[in-house]
Amino acid sequence: MPGSRSTPPRGGAPTLGPRAALEALLAGSAGDLLRRAQWLDAVDQLLRPHLPQGLAAHARLANVRKDKLVYVVDAPVWHAKLRLAAPALIDVARSVGLEVNDLGVRTTAGPLRPMSPGAGGRAPISAAARTGLATALDLLRPNPAEKPAEGRLPGRKGRGTQAVPETGHGAS
């Protein structure tokens, strides 16, 4: 049926939506850079499972330059761990078709991946810390049933008396 909506329009009508936007980006002058970034991300995903435990969250493949894998890590300790894992990682890279012989590591000052808005901030307080904080606050609060005696500091129960120092103001 030539006039039905189920058949796509014929001719050179442009397609709309995310796919068209991606095709426009890849066809433009930035297309080569975007394809390279996608390829590096795909290679990073292939090599990531072969990184030592705990290191994968702190390392990212930044480039493949000539015969060298270049990684970026977020702290010097991960730099050292990645250097120790270099021979095994180079073997894995060769097994997926990369012709590499060396591994370079750079350390960055900031995080490798941006933190999500809910991920940052404060860590939840533990039960022990909550109890300790409540106890400390109780020690600081004055007891309303007890009048502070002369020579005692308010809010200190059972701690003995402490002399209140004379300030010497107004006395001659």
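Let me start with Asp 44, which is buried, with a relative accessible area of 0%. Bear in mind, everyone, that this is a predicted model. So what does a buried Asp do for partners here? Its side chain meets that of Arg 48 in a salt bridge, at 2.5 Å from N to O. Arg 48 is buried as well, just like Asp 44.

Asp 44 has another partner too. Arg 60 also forms a salt bridge with Asp 44, and there the closest N and O atoms are 3.3 Å apart. Where do Arg 60 and Asp 44 sit in the fold? Arg 60 lies in strand β1, residues 59–65, while Asp 44 belongs to helix α2, residues 31–47, so this pair ties together parts that are 16 residues apart in sequence. Is Arg 60 buried or partly exposed? With a relative accessibility of 28%, Arg 60 counts as partly exposed, because the cut-off for buried is under 20%.

Now let's widen the view a little. Asp 41, Asp 44, Arg 48 and Arg 60 are linked in a network of salt bridges. Searching the whole structure turns up six salt bridges. Another one, away from that network, if you scroll along, joins the side chains of Asp 138 and Arg 141, at 2.9 Å from N to O. In that pair, Asp 138 is partly exposed at 47% relative accessible area, and Arg 141 is partly exposed with a value of 47%.

Back to α2, this time for its packing. Helix α1, residues 18–27, packs against α2 at an angle of about 110 degrees, and the two axes are 6 Å apart. That makes α1 roughly perpendicular to α2. Which residues meet there? From α1 we have Leu 22, Leu 25 and Leu 26, and from α2 they meet Gly 31, Leu 34, Arg 35 and Gln 38. By character, the residues of this contact divide into four nonpolar, two polar and one charged.

On to the sheet, and to β1 again, the strand that holds Arg 60. What is the strand order? The sheet is open, with three strands in the order β1-β2-β3 and mixed pairing. The edge strands are β1 and β3, with β3 covering 102–107, and each of them pairs on one side only. On average, neighbouring strands of this sheet are turned by 25 degrees against each other, ignoring direction.

Let's take the two pairings in turn. β1 and β2 run antiparallel and are joined by six bridges. They form a hairpin with two residues between them, and Lys 66 in the turn has a positive phi of about 55 degrees. If you'd like a residue to click on, try Asn 63, whose bridge partner in β2 is Val 70.

Val 70 also takes us across to the other side, since its bridge partner in β3 is Gly 104. Strand β2, residues 68–73, pairs with β3 in the parallel sense, over six bridges. Next to Val 70 in the numbering you'll find Leu 69, which stands opposite Leu 103 in β3.

Finally, which helices lie across β2 and β3? One of them is α3, residues 76–84, which runs at about 175 degrees to β3. Helix α4, residues 86–95, lies across β2 and β3 too, running at about 120 degrees to β3.

Thanks, everyone, and I'm happy to take questions.

Notes. Residues are numbered from 1 along each chain as its sequence is written. This is a predicted model: local features need pLDDT of at least 70, side-chain atom pairs count only at pLDDT 80 or more; totals for chains, interfaces and linings use all residues. Side-chain values use heavy atoms; hydrogens and water are left out. A salt bridge is a side-chain nitrogen of Lys or Arg within 4 Å of a carboxyl oxygen of Asp or Glu. Buried means under 20% relative accessible area, exposed over 50%, partly exposed in between (1.4 Å probe, protein chains only). Helices (H or I, at least four residues) and strands (E, at least two) are DSSP runs, numbered from the N terminus. Axes are lines fitted to C-alpha atoms, for helices over the stretch in contact, and angles run from 0 to 180 degrees between N-to-C directions. Angles under 35 degrees count as roughly parallel, over 145 as roughly antiparallel, 65 to 115 as roughly perpendicular and the rest as oblique. Contact means heavy atoms within 4.5 Å. Ala, Val, Leu, Ile, Met, Phe, Trp, Tyr, Cys and Pro count as nonpolar, Asp, Glu, Lys and Arg as charged, and the others, Gly among them, as polar. Two strands pair if DSSP finds at least two bridges between them.
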